[in-house]
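I opened this structure to look up a few separate points and to write down each one as I found it. My notes are kept in the order in which I looked.

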Amino acid sequence: MLHITHSPVRFQQGGFQPAQLPPPQERTGTMAYAILRAHNTSSSMERLQLRFDAMASHDITYVGIIQTARASGLSSFPLPYVLTNCHNSLCAVGGTINEDDHVFGLSAAKKYGGEFVPAHQAVIHSYMRERYAAPGTMILGSDSHTRYGAYGCMAIGEGGPELARQLLSKTYDIPYPKVIAVYLTGAPRPGVGPQDVALTLIGATFREGTVKNAVMEFFGPGVSALSMDYRSGIDVMTTETTCLSSVWCTDAITRRHMALLGREESYRDQTPAEGACYDGVIQVDLSAIEPMIALPFHPSNAYSIREFKANLPDLLQKVERDTAEQLGLQGLPSLRSKITPQGFQVDQGVIAGCSGGTYQNLKRAAEILEGCSIGSDAFWLSCYPGSMPIQLELTRRGCLSSLMSAGASVRSCFCGPCFGAGDVPANGAFSIRHSTRNFPNREGSKPGEAQISYVALMDARSIAATARNGGILTGADTLEEVPQDLPEEVWSYDDSAYRSRVYYGVGKPLPETPLIYGPNIADWPEQIPLPEHLLLTAAAAIYDPVTTTDELIPSGETSSYRSNPLRLAEFALSRKDPQYVGRAKAIQEEERKRREGQTPKALLGRDPKTTGLGSFLLARKPGDGSAREQAASCQRVLGGCANLASEYATKRYRSNVVNWGMLPFQVPDLDRWNIQPGDRLWIPNIRSLLEGEETEISATLIQGGQMTPLPLLLPGLTREERDIILSGCLINYYAK
């Protein structure tokens, strides 16, 4: 089904041979190389300085990005910048402030020359696929699932500061990434959908870090068996492998699809050259993949539905045990009580967003549910088309009628179920979703208030099969009649809804247009440059194997405050460590006294003129998941100065830490030190060391009355990253 080679290989005559990997400037055969070279502005392929063809943000990120760029001298958008409104679409949440953000976004699109997509028109990634993704291009987005590789486009999801850099005509700077071949053969069996392929890939690669910060390059004879929707459904989930980006070969199917979208002129052939070298290869036999389920609480916790049903008591007990350990709770509702004589009883199904809300997925679900009923018991199903053109076509073909007649609820184009702003399950409920993530708390539960629900990921086909069976978990491949997924779905694309509502202002700035601010839109608070010495206090210590950005700053109800840094910071770690904010604020108050000329006791006798006080966060592996910069900026707003980690889960989170002026320390044997909240870290001469090229920092850990030398590492810190931290944050750096 899936075979991984971890060593370098060369693609020759339709196969892979062991190879010596040449330096980056000689890896000319891959699709990734050609695209990166075309967008690189530096003289070296070893250290890339990239400029993108377009950017995209949604309504919980674009305000902060524009505010950051505006504070650094923004005059107009130098590239197409699309502002979508698909996250804070439900404007009842938070009062008027969500719609205030939308009004600000439209005024910014007019002032600076951008494209504004009103609420309920499209999910950000559906829109960018339809309007912008094309072979050989690069797109940067402030959402981690910015993936348009199925169109031959290399897209990257990053934190807001990286988009602000592009708005200021700066570059995206990275070392040349690893490129991993994903070689597809065979064709999916009936009832097996793109989410099944994606979960198989994630399950095989995430824990080992097989493709971490790499480019996944998809090609092989199996590609021709997949429609564009199917390819996109696999591609968008590559984010959950922690790869940097993805890219697919293009073919006649790609060309005809782009012609359908009215953009055939943007098509070009794209495939690896004979002799192309890769850092490794993942070979996937599509015909061997089964319907899958990713159990709580990670997409990599993947099993075949067949295996899950055969081992229900054991696997459910494992989920319960892991949940209790991860969330620190006891007495949780038992999932084993959902085992009935008919099978495992599910409470809710959702098909939504950039992964689930495609035309093909919803058409298959409608075909499976045609003439059936989901029943009038506790199980319920909701479906969210990804864009208005998709919704129009599903309406014209009667698919939405079939879904609604079966008892499903059809919603607007909205990302909410993916991050806890819509369709939150009941306490103790089990939800199956064709969406992107099933992290703890992400669906809206609040363990601190004894609210916990369980989300599993599945494909739309098996969700529909489960709905047809009244909520009894069912793999679509077990149905008597299974609708086929053809490589080319016959459908019509009508973008009249866009033409009627979208503001198309790219390249047409109106500088005289005033920005319209609501009462919740606030500037970033001032940050001071790095002092000569630092005395830091641990405000939180998280020893989980991985810490997600959702745990650092929860999604859901916090979305309304993403435009207000101070109010948002009140939610930092609120579901993981509710004492974090109070601890950080207490340290920040001591630093305020120091800056006002006092000598607080927290300085432990050190010179108040040269020693800064701050907090730090310890986590084994922080930053998995969303690209949201607020996972780092909230720490900084509360006086955070550093992270201590064994490693960083993603490049984008580490970038957010740096861009907000915090030190991304690594401590390989982190557990050995048993650092707890309240422990102190004395880092003398840190400014001088950062002005130089030091990568090993001598610090002292203060635990009670005991002082122990603690070596800190800063691997791979570039000159510019050092200067950003020295300045205090990216805004200060550009202001200089």
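The entries below deal with cysteines, then with a pair of helices, and then with a single residue.

Entry one, cysteines. I kept in mind that this is a predicted model, and I looked for disulfides and found that the structure holds zero of them. I then checked Cys 415, whose closest cysteine sulfur is in Cys 86 at 3.6 Å, and because a disulfide needs the two sulfurs within 2.5 Å, this pair is too far apart for a bond. I also looked up accessibility, and Cys 415 counts as buried at 8% relative accessibility, while Cys 354 is buried with a relative accessible area of 8%.

Entry two, a helix pair. I noted that two packed helices are described by the angle between their axes and by the distance between those axes. For H21 (residues 630–637) and H22 (residues 651–659) I read an angle of about 25° and axes 8 Å apart, and the two helices are therefore roughly parallel to each other. The crossing of H21 past H22 is right-handed. On the H21 side I listed Ala 631, Ala 632 and Gln 635, which meet Tyr 653, Asn 656 and Val 657 of H22. Sorted by class, this contact has four nonpolar residues, two polar ones and no charged ones.

Entry three, Asn 659. I stayed with helix H22, in which Asn 659 lies, and asked whether Asn 659 is buried or exposed. Asn 659 counts as buried, at 4% relative accessibility. Leaving aside residues up to four places away in sequence, I found that Asn 659 touches Pro 161, Glu 162, Ile 724, Cys 729 and Leu 730.

Notes. Residues are numbered from 1 along each chain as its sequence is written. This is a predicted model: local features need pLDDT of at least 70, side-chain atom pairs count only at pLDDT 80 or more; totals for chains, interfaces and linings use all residues. Side-chain values use heavy atoms; hydrogens and water are left out. Buried means under 20% relative accessible area, exposed over 50%, partly exposed in between (1.4 Å probe, protein chains only). Axes are lines fitted to C-alpha atoms, for helices over the stretch in contact, and angles run from 0 to 180 degrees between N-to-C directions. Helices (H or I, at least four residues) and strands (E, at least two) are DSSP runs, numbered from the N terminus. Angles under 35 degrees count as roughly parallel, over 145 as roughly antiparallel, 65 to 115 as roughly perpendicular and the rest as oblique. A crossing is left-handed if the near helix is turned anticlockwise from the far one by less than a right angle, and right-handed if clockwise. Contact means heavy atoms within 4.5 Å. Ala, Val, Leu, Ile, Met, Phe, Trp, Tyr, Cys and Pro count as nonpolar, Asp, Glu, Lys and Arg as charged, and the others, Gly among them, as polar.
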